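These are my notebook entries on the structure shown below. I set out to look up charge pairing, strand pairing and helix packing.

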Amino acid sequence: MINICLEDERIDDLQRNGYHIIQKKNGFCFGMDAILLSGFVRVKKGESLIDLGTGTGILPILLKAKTEGDHFVGLEIQKEIADMASRSVRLNHLEDHVKIVTGDIREASLLFGRASFDVVTSNPPYMNNTHGIKNPYLPKAISRHEILCTLEDVVREASLLLKPGGRFYLVHRPRRLAEIITVLKQYKLEPKRLKMVHPFIEKEANMVLTEAVRQGGAMMKVEAPIIVFKEPGVYSDEIKTTYGY
């Protein structure tokens with residue numbers, strides 16, 4: 001394994017295709033939401049995908065392992081994080097398939113052109129200015145709060161980037177579901193699949209996975225929910241499969 005880690009970074013095993021990822025030892029790391037989204041996304045043979053706000057690059061790298069997609073792009077505004085993601089791409093020798101671009105989500109359609117991708121994914125900041133206390137460490141705050149982009153920014157650019165019939169995949173919080181559906185429909189992205197994620201079977205959902213189709217018909221399927229834990233500390237079989245255990 002080539003040594004392209006900085007002193008404050010570590011290399012983690014993704015348990016897929018022998019792939020690894022570089023992360024900060026004490027910084028913002030990818031979470032279960034990104035892993036669950038990677039199991040929900042469908043990328044067909046020959047299709048191209050862009051991940052808006054890619055962070056560590058976890059989604060493009062995992063989806064290269066899990067799907068038959070041809071070309072994956074990760075867009076990240078924070079230069080230091082984008083550089084780390086690019087080094088993860090090199091670490092896994094995926095330069096011919098995965099590209100990390102430093103840029104602003106709000107300008108994504110200008111950077112790449114309209115109707116240029118078959119699939120768009122995003123694991124955006126969940127909290128707006130009325131939710132929670134902002135982390136004093138800026139990279140973490142940017143990842144969790146709508147500081148540099150809003151939900152509407154993400155949805156608008158996804159709609160512009162998608163080809164007609166293209167698919168947008170989003171992981172977010174259920175408390176904002178009404179807002180999510182409203183904004184999706186505002187930008188001609190029709191919700192087609194929805195899946196709730198519950199930490200335990202008796203607990204309320206804390207994540208929601210949504211697939212929307214650009215200019216799709218008005219019919220949505222609510223799929224069986226994901227239950228993360230069978231009991232404290234024991235993952236469900238579905239989670240084990242998604243993680244590759």
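Entry 1, salt bridges. I looked up the salt bridges in this predicted model and found that the structure holds 17. I then followed one pair, Glu9 with Arg87, whose closest N and O atoms lie 2.7 Å apart. With a cut-off of 4 Å between a side-chain nitrogen of Lys or Arg and a carboxyl oxygen of Asp or Glu, this pair therefore counts as a salt bridge. I noted that Glu9 sits in strand β1 (residues 9-13) and Arg87 in helix α3, so that the pair links distant parts of the chain, 78 residues apart. As background, I recorded that side chains of opposite charge can pair when their charged atoms come close.

Entry 2, the unit that contains α3. I next asked which strands combine with helix α3 (residues 79-91). I found that β4, α3 and β5 make a β-α-β unit, and that its hand is right-handed. Strand β4 covers residues 71-76 and strand β5 covers residues 98-102. I recorded their pairing as parallel, over five bridges. Within this pairing, I located Leu75 opposite Val101 of β5.

Entry 3, α1 against α2. I looked up how helix α1 (residues 32-40) and helix α2 (residues 58-66) are placed, and found that their axes come within 10 Å and cross at roughly 35°. I entered the crossing as right-handed. On the α1 side I listed Ala34, Ile35, Leu37, Ser38 and Gly39, which meet Ile58, Leu59, Leu62, Leu63 and Lys66 of α2. By class, I counted seven nonpolar, two polar and one charged among the residues of this contact.

Entry 4, α6 against α7. I then turned to helix α6 (residues 151-161) and helix α7 (residues 177-186), whose axes are 9 Å apart and which pack at about 35°. I noted a right-handed crossing of α6 past α7. Which residues make the contact? I found Leu151, Glu152 and Val155 in α6, and Glu179, Ile180, Val183, Leu184 and Gln186 in α7. I divided the residues of this contact into five nonpolar, one polar and two charged.

Note on methods
Residues are numbered from 1 along each chain as its sequence is written. This is a predicted model: local features need pLDDT of at least 70, side-chain atom pairs count only at pLDDT 80 or more; totals for chains, interfaces and linings use all residues. Side-chain values use heavy atoms; hydrogens and water are left out. Two strands pair if DSSP finds at least two bridges between them. A crossover is right-handed if, with the strands pointing away from the viewer, the path from the first strand over the helix to the second runs clockwise. Axes are lines fitted to C-alpha atoms, for helices over the stretch in contact, and angles run from 0 to 180 degrees between N-to-C directions. A crossing is left-handed if the near helix is turned anticlockwise from the far one by less than a right angle, and right-handed if clockwise. Contact means heavy atoms within 4.5 Å. Ala, Val, Leu, Ile, Met, Phe, Trp, Tyr, Cys and Pro count as nonpolar, Asp, Glu, Lys and Arg as charged, and the others, Gly among them, as polar.
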